[in-house]
Amino acid sequence: NPNLWFGFVQIAGWGGYSNNDAAGDLRDAQMVAATKLPAVGYSTAIDVGNFDDIHPKDKQTVASRLALSALQMVYNLPQAQHWQCPQFASVTSGTVTTSLITVNIRIALPTGDKLSTHVPRAALAAGSNTCPTGKEAQCGYPTIYIKQGASIVALRASATMGTDGQSLVFTAANPDPKLTTKDVVATAYGRGNWPVLSFWSTPSEQPLLSWYAAA
């Protein structure tokens, strides 16, 4: 039956994946299925994982999200319309000064949702908004990638919400005053083994999904 609904769970944060790119690439590949194939829904465990256990104990949050997906896609129930997570949509603009690099990013959200920095109870219990001491390389902080000479350089960035509740502003220190906006090549958020998350949707409390995207 080509119309049969199929759902999957995006892999959780965990400290034991082989490398950050492998975990991030797998999450991205999973989302391709949800966006390219018909009748495919999803849930995510990215914010309710366990750094020391590949099998996190919180099954209820993940199951509830997956159920909402099915209820909306199969039965079109109005109360399930906010099942989708906020996701990267596009880079809208950027500036480069001698001291700062700024990238403005539009986020796709379900109708009626806005971004929020409020950490839901389940995510707070999992600690997905904090990075374990000494594990910073695994924590997928907001990043701006620049081309500097023949190299691609990753700059850790700060991320703040736009006033519209549907955008983010990434800002990083500029290491080279000769850079221009053409040297900004990509952005990333939450790409680590253990993604430290900062934004969820409100009122649906869905986490902003990780991304790596060309600028």
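**View 1. Thr-187 and the residues around it.** In this predicted model, Thr-187 touches Phe-88, Val-103, Ile-105, Thr-143, Tyr-145, Phe-170, Trp-211, Tyr-212 and Ala-213, leaving aside residues up to four places away in sequence. You will find Thr-187 in strand β10. Is this residue buried or exposed? Thr-187 has a relative accessible area of 0%, so Thr-187 is buried. Look also for the polar contact that joins the side chain of Thr-187 to the side chain of Trp-211, at 3.0 Å.

**View 2. The sheet that holds β10.** Here four strands make up an open sheet, in the order β7-β6-β10-β12, and their pairing is antiparallel. Which strands sit at the edges? The edge strands are β7 and β12, each of which pairs on one side only. On average, neighbouring strands of this sheet are turned by 20 degrees against each other, direction ignored. Now follow β10 and β12: these strands run antiparallel and are joined by four bridges. One pair to look for is Ala-186, which stands opposite Ala-214 in β12.

**View 3. Ile-152 on an edge strand.** Ile-152 belongs to strand β7, which covers residues 151-156. With a relative accessible area of 54%, Ile-152 counts as exposed, because the cut-off for exposed is over 50%. Which residues does Ile-152 touch, not counting residues up to four places away in sequence? They are Tyr-145, Ile-146, Lys-147 and Val-185. Take Val-185 as an example: along the sequence, Ile-152 and Val-185 are 33 residues apart, and in space their C-alpha atoms are 8.4 Å apart.

**View 4. A sheet in the order β3-β4-β9-β8.** These four strands form an open sheet with antiparallel pairing. At its edges are β3 (87-96) and β8 (158-161), and each pairs on one side only. From one strand to the next, the twist averages 25 degrees. How many bridges join β4 to β9? There are seven, and these two strands run antiparallel. To pick out one bridge, start at Leu-100 and look across to its partner in β9, Ala-173.

**View 5. The nonpolar cores.** The largest nonpolar core contains 25 residues. Those with the most contacts inside this core are Ile-107, Ile-144, Leu-168, Phe-170 and Trp-211. Five names are worth tracing here, since β4 (100-108), β6 (143-148), β9 (167-173), β10 (184-189) and β12 (211-214) are the elements giving two or more residues to the core. Which of them gives the most? That is β4, with four residues. There is also a second, separate core of eight residues, among them Phe-8, Met-31, Val-40 and Tyr-42.

**View 6. Three cysteines to compare.** A search of the whole structure turns up one disulfide. The bond links Cys-131 and Cys-139, whose sulfur atoms lie 2.0 Å apart. Why is this disulfide called right-handed? The torsion about its S-S bond is about 80 degrees, and therefore the disulfide is right-handed. Cys-139 counts as buried, at 0% relative accessibility. Cys-85 is buried as well, at 3% relative accessibility. Why does Cys-85 not bond with the closest cysteine sulfur? That sulfur belongs to Cys-139 and is 20 Å from the sulfur of Cys-85, which is too far for a bond.

Conventions. Residues are numbered from 1 along each chain as its sequence is written. This is a predicted model: local features need pLDDT of at least 70, side-chain atom pairs count only at pLDDT 80 or more; totals for chains, interfaces and linings use all residues. Side-chain values use heavy atoms; hydrogens and water are left out. A nonpolar core is a set of buried Ala, Val, Leu, Ile, Met, Phe, Trp, Tyr and Cys residues joined through side-chain atoms within 4.5 Å. Buried means under 20% relative accessible area, exposed over 50%, partly exposed in between (1.4 Å probe, protein chains only). Contact means heavy atoms within 4.5 Å. A disulfide is a pair of cysteine sulfur atoms within 2.5 Å. A polar contact is a pair of N or O atoms within 3.5 Å; within protein, one must be able to donate a hydrogen and the other to accept it, and residues adjacent in sequence count only if both atoms are side-chain atoms. Two strands pair if DSSP finds at least two bridges between them. Axes are lines fitted to C-alpha atoms, for helices over the stretch in contact, and angles run from 0 to 180 degrees between N-to-C directions.
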